[in-house]
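Hi,

Here is the model I promised to send over. Have a look at it first, then read my notes below.

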Amino acid sequence: MKKFPAIVCFAALLTGILCGCSADIDATAETQEKEISNLIVVGFSQVGAESEWRVANSESMKSALSEANGYELIFDDARNEQGNQIRAIRTFIQQDVDYIVFSPRVETGWTSILQEARDAGIPVIVIDRDIIVEDRSLYTAYIGSDFRKEGETAVTWLENLLKKQGRSEDTIHIVHIQGTIGSSAQLGRSAALDAAIVQNPNWEIVTQEQGDFTRAKAYEVMQGILQTTKDIDVVYCENDGEALGAIDAMQEAGLTCNADDGVIVISFDATKLGLTYCLEGKIALNVECNPLQGPYVADIIQRLQQGETVEQEKYIDETWFDSYTITKDMIEGRGY
Ligand code: GZL
């Protein structure tokens with residue numbers, strides 16, 4: 001909310017009450033109460049609650065942008081619909097929040113609503129997944145992951161494992177379960193596998209299915225695949241939820257998921273649940289995708305409040321884990 005000195009607000013409120021103006025005194029009082037509160041009002045449009053990763057991301061934002069830290073956070077769950085995100089952002093504009101933050105479900109379709117935010121003079125911070133807009137001045141900062149790099153980490157690890165196993169010339173049958181189509185996480189992770197297929201002519205994509213980053217959908221599509229073939233060497237899942245769903249279906253069909261003598265399952269996110277499957281050997285490789293972006297967003301807002309300029313793109317450092325080196329302590333020491 002745009003701020004007025006407290007004494008001015010109080011005087012206006014007192015005048016309104018004394019002259020017995022209409023019923024909008026309550027609204028005036030409430031609005032001015034908020035403005036007197038001096039909290040930084042942040043409207044946050046979250047994609048949904050589709051995965052453990054997403055839940056951790058929401059928790060990170062809520063704890064960083066808490067009232068105790070000087071914020072009023074207006075949190076909206078878009079239930080995995082871009083239209084709901086656009087409506088939420090428009091509402092934030094009408095509420096004249098100080099900042100808009102959103103994790104875009106998909107990369108495109110944001111120009112118009114971001115122009116509305118700019119016309120209203122409200123800075124926008126994009127987190128997690130990236131967006132594609134011609135005019136990058138439409139948003140102030142992006143903080144998230146380099147998804148193509150995550151995918152390249154995965155395919156390089158797979159090339160090295162197959163070399164170690166003496167399978168560099170073997171035909172490798174790969175099932176590819178993609179995340180939400182059009183999201184930068186899916187586009188980056190898929191692009192890395194597509195490029196690796198060109199580099200490794202002995203790698204064969206058995207099928208490419210949409211798992212939408214959920215355990216339930218991946219279980220369903222993997223069940224369908226197993227009706228047609230069990231000649232599978234690798235399952236490349238674009239997040240932990242999908243990996244768990246695919247493993248559920250494969251184990252029900254009698255397949256073993258293991259890097260040495262079973263199906264090699266590759267996953268992304270490195271949530272505690274995903275890393276537990278790694279410790280059990282069911283997930284061979286888990287590439288980290290860090291959801292703890294709340295503190296980064298708070299830092300960006302504080303710097304903007306001080307009139308500083310901030311870097312427009314920031315990728316969070318990330319690592320990877322595999323079933324050969326993961327330990328229980330490593331898992332217990334993690335923040336999500
Ligand atoms: C990646 C994030 C993805 C996660 C999934 O930054 O957008 O969305 O990999 C989540 O778990 O659903």
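What follows is a run through the whole chain, the two sheets, two helix pairs and a loop.

First, the ground rules. This is a predicted model, so keep in mind that local features need pLDDT of at least 70 and side-chain atom pairs count only at pLDDT 80 or more, while totals for chains, interfaces and linings use all residues. Residues are numbered from 1 along each chain as its sequence is written, and side-chain values use heavy atoms, with hydrogens and water left out.

**The chain as a whole**

There are twelve helices and twelve strands in the chain. Helices are DSSP runs of H or I with at least four residues, strands are runs of E with at least two, and both are numbered from the N terminus. Of the 336 residues, 51% are buried; buried means under 20% relative accessible area, exposed means over 50%, and partly exposed is in between (1.4 Å probe, protein chains only). The chain exposes about 14800 Å², with carbon and sulfur atoms supplying 51% of that; areas come from the Shrake-Rupley method with a 1.4 Å probe, and for residues only the protein chains shown count as cover. Take the contacts (heavy atoms within 4.5 Å) between residues at least 6 apart in sequence: 74% of them join residues at least 24 apart.

**The parallel sheet**

One open sheet has six strands in the order S2-S1-S3-S4-S5-S11, with parallel pairing. Two strands pair here if DSSP finds at least two bridges between them. S2 and S11 (313–315) are the edge strands, each with a single partner, so one side of each has no neighbour in the sheet. From one strand to the next, the twist averages 15 degrees. (Axes are lines fitted to C-alpha atoms, for helices over the stretch in contact; angles run from 0 to 180 degrees between N-to-C directions.) At the S11 edge, S5 (residues 141–144) and S11 pair in the parallel sense over three bridges, and Ile 143 stands opposite Lys 314 in S11.

**The mixed sheet**

The other open sheet I looked at also has six strands, ordered S7-S6-S8-S9-S10-S12, and its pairing is mixed. Its edges are S7 (203–210) and S12 (320–322); each has a single partner strand, so one side of each is left without a neighbour in the sheet. Ignoring direction, neighbouring strands are turned by 15 degrees against each other on average.

S8 (residues 234–237) is worth clicking on. Four bridges join S8 to S6 (residues 172–178), and the two run parallel; His 176 has Tyr 236 of S8 as its bridge partner. S8 also runs parallel to S9 (residues 264–269), through three bridges, with Val 235 opposite Val 265 in S9. Both faces of S8 are covered: Val 234 and Tyr 236 on one side, Val 235 and Cys 237 on the other, are all buried.

**Two helix pairs**

H6 (residues 147–164) and H7 pack at about 40 degrees, with axes 7 Å apart, and the crossing is right-handed. (Right-handed means that the near helix is turned clockwise from the far one by less than a right angle, left-handed anticlockwise.) Among the residues that meet are Phe 147, Arg 148 and Val 155 in H6 and Gly 188, Ala 191 and Ala 195 in H7. The residues of this contact divide into eight nonpolar, three polar and four charged. For those classes, Ala, Val, Leu, Ile, Met, Phe, Trp, Tyr, Cys and Pro count as nonpolar, Asp, Glu, Lys and Arg as charged, and the others, Gly among them, as polar. Ala 191, in H7 (residues 184–199), is partly exposed at 25% relative accessibility. Its C-alpha lies 9.9 Å from that of Lys 149, which is 42 residues away in sequence.

H8 (residues 215–228) and H9 (residues 240–252) also pack at about 40 degrees, with axes 7 Å apart. H8 passes H9 in a right-handed crossing. The contact includes Tyr 219 and Met 222 of H8 and Leu 244 and Met 250 of H9.

**One loop to check**

Most residues other than glycine have a negative phi. Arg 79 has a positive phi of about 50 degrees, and Asn 80 has one of about 65 degrees. Arg 79 lies in the loop between S2 (71–77) and H4 (82–94), as does Asn 80. Arg 79 is exposed at 60% relative accessible area, whereas Asn 80 is buried at 15%.

Cheers
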